[in-house]
Amino acid sequence: MSLYSCSLANSRPRILHYLTLWCSVASLMVVKSTAVKVRHYKWDVEYMFWAPDCEERVVMGINGQFPGPTIRAEVGDTIHVDLTNKLSTEGVVIHWHGIRQLGTPWADGTASISQCPINPGETFTYRFVVDKAGTYFYHGHYGMQRSGGLYGTLIVEVPKGQHEPFHYDGEFNLLLSDWWHESIHEQEVGLSSKPLRWIGEPQTLLINGRGQYNCSLLPNFGNSSSTQCKFRGNEQCAPQILQVLPNKTYRVRLASTTALASLNIAIGNHKMIVVEADGNYVQPFTVDDLDIYSGESYSFLINTNQNPNKNYWIVIGVRGRRPNTPPALTILNYKPTSASKLPTISPPITPAWNDYNHSKSFTKNIFALMGSHTPPATYDRRIALLNTQNRIDGFIKWAINNVSLVFPPTPYLGSIKFGLKSGFDQTNPPENFPSSYDIMSPPANPNTTTGSGVYRLGYNTTVDIILQNANALGANVSEIHPWHLHGHDFWVLGYGEGKFTKDDEAKFNLKNPPLRNTVVIFPYGWTALRFVADNPGAWAFHCHIEPHLHMGMGVVLASAVERVQGIPSNALTCGLTAKMFLKKKNIP
């Protein structure tokens, strides 16, 4: 069945012409190319000195680059990456964020779930098919290596000779991240300490790995430095200028690999038409600014219809947390105007960090492209996941249904495939939380426990997940949490305030809910998802805020692992599976 089947019935006349174009090619996101290729890459992951924000620190790079190389492929292509770990003392993996890994769950790149960490000096081959066009990225998924700079962009285009359902004359890729001067190893130790040593807010926001800490393109803007940056242009922290021609349409591919920060982007005097979210087409809608949470990706169009003798500010600001981090700035440069000519119009101001109504208005305006495949009308199983902040023996943790996730030494994929029951906790994790739980107050009993159990899902069953937010340990504190599902896209059925009840089902959008792989839950609210467990494997579902996952905010889902064939032996050469191979001299 095609993901998209189009109907223009009841369309408004003013958008009929636009939707006709969209629907005529909507299926291109999942169409298979007739000229598929195998795209080979050889990557070395290593620590290196770099100055992302003009202050030299140690970053994680790939082949001497930070961020890592951009991968461009077409639908149906096979990506083949020989990844060599050149870190001296730690393992590494890379997760291909948004790629569903149909038939290749071992290539998902999640340590302790899909594979063992790649040991220093060893090489592991990631080989998988990209089946759907869209804007994606990749990043480290072991410890807090994403925070250390292990990330890059992955773009999947429609096959040659075919076209996207919208016109554009040029394209830019913006990968957003946040940056700390404290090393990730110091951060990890702090998060595991008693008392907790929180990582604090990032020093700098980076656009394509570039930001400014000790100077600013616009001194004293927001809480920026008072010192004017003076660049020759070859500095590692010099901003990448977006150069455009007048009266053209440009696609901006935007992805956030931040470890903590929720962000907002705005471009002076330019509207943005949102056309894609997490690799899925959406009904186009126009905004002045756009909120993006960690793990999300978008495409939006801009029309360069402003005064061509001027340049314009692009501003990235912090949302959802009190912004101690200065906004990131770069310039939209109308050629042939000099890129060194600073904009004369004031930069857009990021909405107030705690203006959640603004955030909700944007998020709730995202709908699937008209004619998209709709979710099943009913579910086979519903799991409610309560996010809480808790304590274990005085250590602060995050927990789901009062269980803080710990990863076992044997990857779940191997333990389940080979029936190694001692590989993880066989107790079924809780499917709900007490109806009497007061989400508006700190936990009455803040103590929690650790666990490594798995939610086992029936193959091809329809699963609802209700993400429920609550008050943290402090009074009147409830944070934004972006949740990312590996191996699947899901329909976002709705959002709500307070505690979810059965009556809230009446608010579900079953007509045109967007397909996503990452979704936000707002403070003291709930978010409802639905997906079909049709991809055999073991999959992470977790908060995409790096320290929150490190502190236990995640779960593991598994479905039809017995159907998985062809697991490479070197994906499982640790823990109990390694002992099994040594004992039996068996290769799966």
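**Close-up views of a predicted protein model**

**Figure 1. Glu479 and its surroundings in the predicted model.** Leaving aside neighbours within four places in sequence, Glu479 is in contact with Arg321, Trp398, Asn469, Ile521, Pro523 and His548, where contact means heavy atoms within 4.5 Å. The place of Glu479 is in the loop between β25 (462-468) and β26; helices (H or I, at least four residues) and strands (E, at least two) are DSSP runs, numbered from the N terminus. With a relative accessible area of 19%, Glu479 is buried, a word used for residues under 20% relative accessible area, while exposed stands for over 50% and partly exposed for values in between (1.4 Å probe, protein chains only). The side chain of Glu479 also makes a polar contact, at 3.3 Å, with the side chain of Arg321. A polar contact is a pair of N or O atoms within 3.5 Å; within protein, one must be able to donate a hydrogen and the other to accept it, and residues adjacent in sequence count only if both atoms are side-chain atoms. Residues are numbered from 1 along each chain as its sequence is written, and side-chain values use heavy atoms, with hydrogens and water left out. This is a predicted model, in which local features need pLDDT of at least 70 and side-chain atom pairs count only at pLDDT 80 or more, whereas totals for chains, interfaces and linings use all residues.

**Figure 2. His481 in strand β26.** The strand that holds His481 covers residues 481-485. His481 counts as buried, because its relative accessibility is 1%. Its side chain makes a polar contact with the side chain of His548, at 3.3 Å. Not counting residues up to four places away in sequence, His481 touches Asn387, Trp398, Asn469, Val519, Val520, Ile521, Cys543, His548 and Met553. Of these neighbours of His481, Trp398, Asn469, Ile521 and His548 are also among the residues in contact with Glu479.

**Figure 3. Two cis peptide bonds, each leading into a proline.** Most residues other than glycine have a negative phi, and most peptide bonds are trans. A cis peptide bond joins Lys194 and Pro195, with omega about 5°, and Pro195 is placed in the loop between α2 (184-191) and β10 (204-207). Another cis peptide bond joins Lys335 and Pro336, where omega is about 10°. Pro336, in turn, has its place in the loop between β19 (328-334) and α3 (356-363).

**Figure 4. Asp278 and Asn402, two residues with positive phi.** The phi of Asp278 is near 55°, a positive value in a residue other than glycine, and Asp278 lies in the loop between β14 (272-277) and β15 (280-287). Asp278 counts as buried, because its relative accessibility is 0%. Asn402 has a positive phi of about 70° although it is not a glycine, and it is found in the loop between β21 (395-400) and β22 (403-405). Asn402 counts as partly exposed, with a relative accessibility of 34%.

**Figure 5. Ile207 and Ile265, residues of strands β10 and β13.** Ile207, in strand β10, is buried with a relative accessible area of 8%. Not counting residues up to four places away in sequence, Ile207 touches Leu174, Leu175, Leu176, Ile316, Ala328, Leu329 and Thr330. Ile207 and Val564 are 357 residues apart in sequence and, C-alpha to C-alpha, 39 Å apart in space. Ile265 is found in strand β13, which covers residues 262-267, and is buried with a relative accessible area of 0%. Outside the residues up to four places away in sequence, the residues that Ile265 touches are Leu174, Leu254, Met272, Asp289, Leu290, Phe300, Ile314, Val315 and Ile316. The C-alpha atoms of Ile265 and Arg381, which are 116 residues apart along the chain, are separated by 38 Å.

**Figure 6. The setting of the close-ups, a protein with six helices and 32 strands.** Buried residues make up 61% of the 588 residues in the protein. Among contacts between residues at least 6 apart in sequence, 79% join residues at least 24 apart. Taken along the principal axes, the box filled by the C-alpha atoms is roughly 70 × 55 × 55 Å.
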